[in-house]
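Hi,

Here is the model I promised to pass along. Have a look at it first, and then read my notes underneath.

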Amino acid sequence: MKMGKKITGTLVIPVITLIAAWIICSSQGVKLFETQLNLLTFIRTVANVSLVTFALAINLNSGRFDFSLGSVALLSSVISSKIVLALDWGPVAMLLLSLCFGVIFGLISGAVYVSVKLPPIIVSLAVALLYEGLSFTLTGGHGVSFANSARLLGFASIPNFLIIIVLALAFMIIVFDRTKFGYEYKALLSGQKVAVSTGIREVPNALLCYAIAGGLMGIQGFISATTNGTIQMSLNFGSISPMFMAFLPMFIGGFIGRYSNDKLGYLLGAVTSAFISLLYVRLNVSSSVQQITSALLLVGFLIYLNNEGKLKGLFVRGGGKG
Amino acid sequence: MENEKKIRKENVKAAVFRFAPLGGLILLFGIFMALAVIKDINIPYSFKNIVNQSVVVVVAATGAVFIYTLGSFDISLGASLCVSALIGAMAYNATKSLPVMLLTCVGVAVLISLTSSVLASVFNLPVFVTTIAMLSLLSALALVLIGANGTGDVIQVPAAAVRGINNVWFKLIILAVYLGMCVFLFDFMKLGRREKFQGGNPVCAKLTGLNGKRLAIAAFAIAGVGVGLGAFLTITYAPTLSRNTASSVGMDIIISIVFGGMPVSGGARSKIYSAVIGALSMTMLNQIMLALSLDSGVGQIVKAIIFLLVVSISMSNSKGNILPR
């Protein structure tokens, strides 16, 4: 593939989205990036969405649907914040603790999956219930609040979010594209039976996938907690909603992956989502309109992806006739 | 001789696995009755509660079995139930007619279900992702409906209007009629056999001439009827509807179906009774937690462990050498 086509394919979606958002904002007499706060909101959304998208894609690409991602973020941020508040530690300690607990809870989730050998969707339902219940019990149902902790709330800055985004992307590319684990992951992804027959050990690979996804969600839980200043409790699957914001970026990432790296694609998908979110914020769009627009965008993009051949055929035939 | 013994042993093992969900329900019932005697709980009142709490999920989940049999998955059923109930309530407020409310609930739910399946069929979209988008759309639609037609944050049907039908027998009759229809279609008609075949081996089903898209549309339509009836029953039990109406029903449906022993991959081992067994078991479990005065968090932890245990036993007969996906 030629370099020009690669660059165009990689950047076309985020660039078109940015231009569209810019034009819509301008037509309403609003600047998309007017203040430093707008930029902070944008970068924070990119960090949040990209982490969830990486975590979701790791297992979903392998056919493992994981409802427990949000509950891993919830439980790891609850425990890390409790420790940090008790010992009066700073945000870096909380970040590292959230990461560690995320890895541990992801690993436990994976361990349950490989032990009971049930479909991952079922295991993730049970794990989500379990982690939500644990979070609720640990906080007595009141959640955690650190609205008075300026140190923890002070973490939310553009450089900090950028560091997290760059490190997460680098980690994902190195681990999944440059290591033996990554090669085996891809082999299992494209042909599970054949890969296992050739001697690839599926169980450790799956465990590591869950651990990495858990770690990423731990960081996402930390960002969410330090941004809001509180951690709200969820029961009866209330924790699964963060997962839904990752579907559009994941499919965009899959499209971009044809032209460059799929991990970079997920990040650019998150950037695209962040442009759309910022547009909503700048135009004060109501949450119901936001939800409807996002759902229509997801369906529209999927229709394009699943009918690309037919659409191109129509376009070529139409062009010939014209 | 040796072989016969082995086969008999295998058959017994298979039967134990097959009946594990039913065994779980009976065990939970036994525990509940023991607790009721020990703690002097009002048993008729508790049974009324169990019916009231489980009937909506049983009706909606029984229809959803048709979707699961195909190996598909619909996460938007709870949101669909909410929107159907809201529009049904609006229809009642406009006409003051309960039959109109019932027909509206069912009509709207079927329409939503058909939209999902037709969208997925016509544009070759993955059904699951389509239902995720529908979940978002319907949640937003619920907000719009309440904003446009409600009083504050709710849409209300006068409690007096539904008092006459808010009784256990009426709910059980609706459940029996719908369950009977589903059992007939699933176990005694071509449709059920075809759905199982399609879910078990879609390639083979296609080669024998089965139209997968048509089967999917039929499955979603039947599930839509269940969701519509569930919406109607929701209004009779709780006539004040908000954006949170039936918020947990979507996930309860999945849990109930799986708890009842239904394989998520669908196919020949699908059972129409799964939803009934699963939903009753989960409600019974909730009643036991209540009787034990367990904290909500601890209750959910126990629920998760029991869920995993029962499903693990009921599906342990079908585990292969590679990890399931």
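How many helices and strands does the secondary structure of chain B come to? Keep in mind that this is a predicted model. For chain B the tally is 14 helices and 2 strands. Its radius of gyration is 21 Å, close to the 20 Å the globule rule gives for 325 residues, so chain B is as compact as a globular protein of that length. If you want a box for it, the C-alpha trace of chain B spans about 75 × 60 × 35 Å along its principal axes. Of its 325 residues, 49% count as buried. As for contacts in chain B between residues at least 6 apart in sequence, 79% of them join residues at least 24 apart.

Next, the place where the two chains meet. Chain A puts 43 residues into the contact, and chain B puts in 37 residues. On the chain A side, α4 (91–116), α5 (120–139), α9 (192–197), α10 (202–228) and α14 (287–306) each supply at least two residues. The largest share there, 12 residues, comes from α5(A). Sorted by class, the side of chain A that touches chain B has 25 nonpolar, 13 polar and 5 charged residues.

That same α5 of chain A turns up again when you look at helix α12 of chain B, since it is included in what covers the buried residues of α12(B). The cover also includes, from chain B itself, α2 (20–38), α3 (43–69), α4 (77–95), α13 (274–291) and α14 (296–315). Helix α12(B) runs over residues 249–259, and 11 of its 11 residues are buried. Among them are B:Asp252 and B:Ser256, along with B:Ile253, B:Ile254, B:Ile255 and B:Phe259. Just after the helix, B:Gly261 takes a positive phi of about 95 degrees.

Further on, have a look at B:Ala268, in the loop between α12 and α13 of chain B. Is B:Ala268 buried or exposed? The cut-off for exposed is 12 or fewer C-beta atoms within 10 Å. B:Ala268 has 12 such neighbours, so it counts as exposed. Leaving aside neighbours within four places in sequence, B:Ala268 is in contact with B:Lys196 and B:Gly200. B:Asp295, on the other hand, is 27 residues from B:Ala268 in sequence and 40 Å from it in space, C-alpha to C-alpha.

Cheers

Notes. Residues are numbered from 1 along each chain as its sequence is written. Chains are lettered from A and ligands numbered from 1 in the order in which they are written. This is a predicted model: local features need pLDDT of at least 70, side-chain atom pairs count only at pLDDT 80 or more; totals for chains, interfaces and linings use all residues. Two residues are in contact if their C-beta atoms, placed from the backbone, lie within 7 Å. Helices (H or I, at least four residues) and strands (E, at least two) are DSSP runs, numbered from the N terminus. Ala, Val, Leu, Ile, Met, Phe, Trp, Tyr, Cys and Pro count as nonpolar, Asp, Glu, Lys and Arg as charged, and the others, Gly among them, as polar. A residue is buried if 20 or more other C-beta atoms lie within 10 Å of its own, exposed if 12 or fewer, and partly exposed in between; C-beta atoms are placed from the backbone. The radius of gyration is taken over C-alpha atoms; the globule rule is 2.2 Å times the number of residues to the power 0.38.
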